[in-house]
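Biologist: Could you take me through one part of this protein up close? I would like to hear about the second largest pocket and what surrounds it.

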Amino acid sequence: MIKDQTGFICHGTSGEGGTGARVFEEQQIPAARKESCTLAVNLMKKICESANLNRAYKRVKVNKGTPGVDGLTVKQLGTYIREHKEQLINALLNGSYEPQPVKRVMLPKAGGGERQLGIPTVVDRLVQQAIHQILEPIFDAGFSESSYGFRPNRGAHGALKKAKAYVEEGHIWVVDIDLEKFFDRVNHDILMSKLAKRIGDKRLLKIIRRFLRAGIMQDGVILERYEGTPQGGPLSPLLSNILLDELEQELERRGHKFCRYADDQNVYVKSKQAGERVYASMKRFLEKRLRLKVNDEKSAVAQVRERKFLGYRIMNDSKLTVAPKSIQRAKDKIRELTKRNRGRSIERIIAELNEFLRGWLGYYRLAESRSLWEKLDS
């Protein structure tokens, strides 16, 4: 046996258990309860299996993050589980689990304005992660090949390479759709109807709806929520993919070339006229079918070189470059890190600068612009 950093005993010496991540034991789910589970409720049984819960616990620990409204930290989560694991599992199995309100945090957006994050408690993050791990393989297998955000073994670079390939084929016009406050405007009833088509476990559906309806704590007051799935919880990205999958099915049915990463949706066409037709039909579909609002001021039909996608700009010859705003933000960050009045040693400044530059260059390594690196270096 090994002692976890949180101070309680974990079993196992290798794999997830060896890292102090195995805190749920198999015998926690009573044998009689297991036998009573039928195929209709099989998903909840899988969610509550010790291996799945331990994997979720490990992921929450790795992700760290700030406490929610109850003040419980990630470091304290292990002790909490040791004392309340039976109640937690029973509440999930009988469908009575009640999430706590999320803590509202406002973060500045790179392009101006603010983004609302909803920080769940660490226990709610654990439950969301456990649900996510079981639902993701069920839904992900049916997602579009042109969807890249929040999916296993996919990422922004894959989306950029796909977009580049479309431009190489002559699709130099882009329908760039911006969804206004997407995560805040998700319609709960539409989303739940899509989940109900694949999930036969009513207890699980009830718990997911409770997560969607969990209030937002702001200045000590709980605000009720009737739409939206705030960014910040492990389950929200998967739910956003499930909601937007219907749009992607429609785009594929019509034979369009497109890429989506989270709520960044681009469709590539060969003329402005075609782009305007696609824009109008997509807007109708999104607003009438999915009840999402298109931001006309930030959306556009334009040549690809005039728009940015995931921090890059694609030129009409398909060359990838770094978008001007991304370069400016990098310069601003470098100036901030190297200010003389920050009160840090030269060694600390170099370490922080190297950390930022490694991450930035790693993300923008697809850019085909040697002069850019030389200018930044100077």
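Modeller: Happy to; here is the pocket, followed by one of the helices beside it and then the protein as a whole. This is a predicted model, in which local features need pLDDT of at least 70, side-chain atom pairs count only at pLDDT 80 or more, and totals for chains, interfaces and linings use all residues. Residues are numbered from 1 along each chain as its sequence is written, and side-chain values use heavy atoms, with hydrogens and water left out.

The second largest pocket holds about 430 Å³ of space. A pocket here is an open set of points on a 1 Å grid over the protein atoms alone, where a 1.4 Å probe fits, with protein on both sides within 12 Å along at least five of seven lines; lining residues have an atom within 4 Å of a point. The volume is the space filled by probe spheres set on the points, which are joined across faces, edges and corners. The lining has 19 residues, and Asn63, Gln129, Gly232, Gly233 and Pro234 lie nearest the centre. Helix H4 (50-63) and helix H6 (122-140) are the elements that give two or more residues to this lining, and H6 gives the most, with four. Helices are DSSP runs of H or I with at least four residues, strands are runs of E with at least two, and both are numbered from the N terminus. By class, the lining has seven nonpolar, seven polar and five charged residues. Ala, Val, Leu, Ile, Met, Phe, Trp, Tyr, Cys and Pro count as nonpolar, Asp, Glu, Lys and Arg as charged, and the others, Gly among them, as polar.

Now to helix H4, where Asn52 is found. Asn52 counts as buried because its relative accessible area is 6%, buried being under 20%, exposed over 50% and partly exposed in between (1.4 Å probe, protein chains only). The side chain of Asn52 makes a polar contact with the side chain of Gln133 at 2.8 Å; such a contact is a pair of N or O atoms within 3.5 Å, and within protein one must be able to donate a hydrogen and the other to accept it, while residues adjacent in sequence count only if both atoms are side-chain atoms. Beyond its neighbours within four places in sequence, Asn52 is in contact (heavy atoms within 4.5 Å) with Lys46, Ile47, Ala130, Gln133 and Ile134.

As for the whole protein, there are 15 helices and 12 strands, and 48% of the 378 residues are buried.
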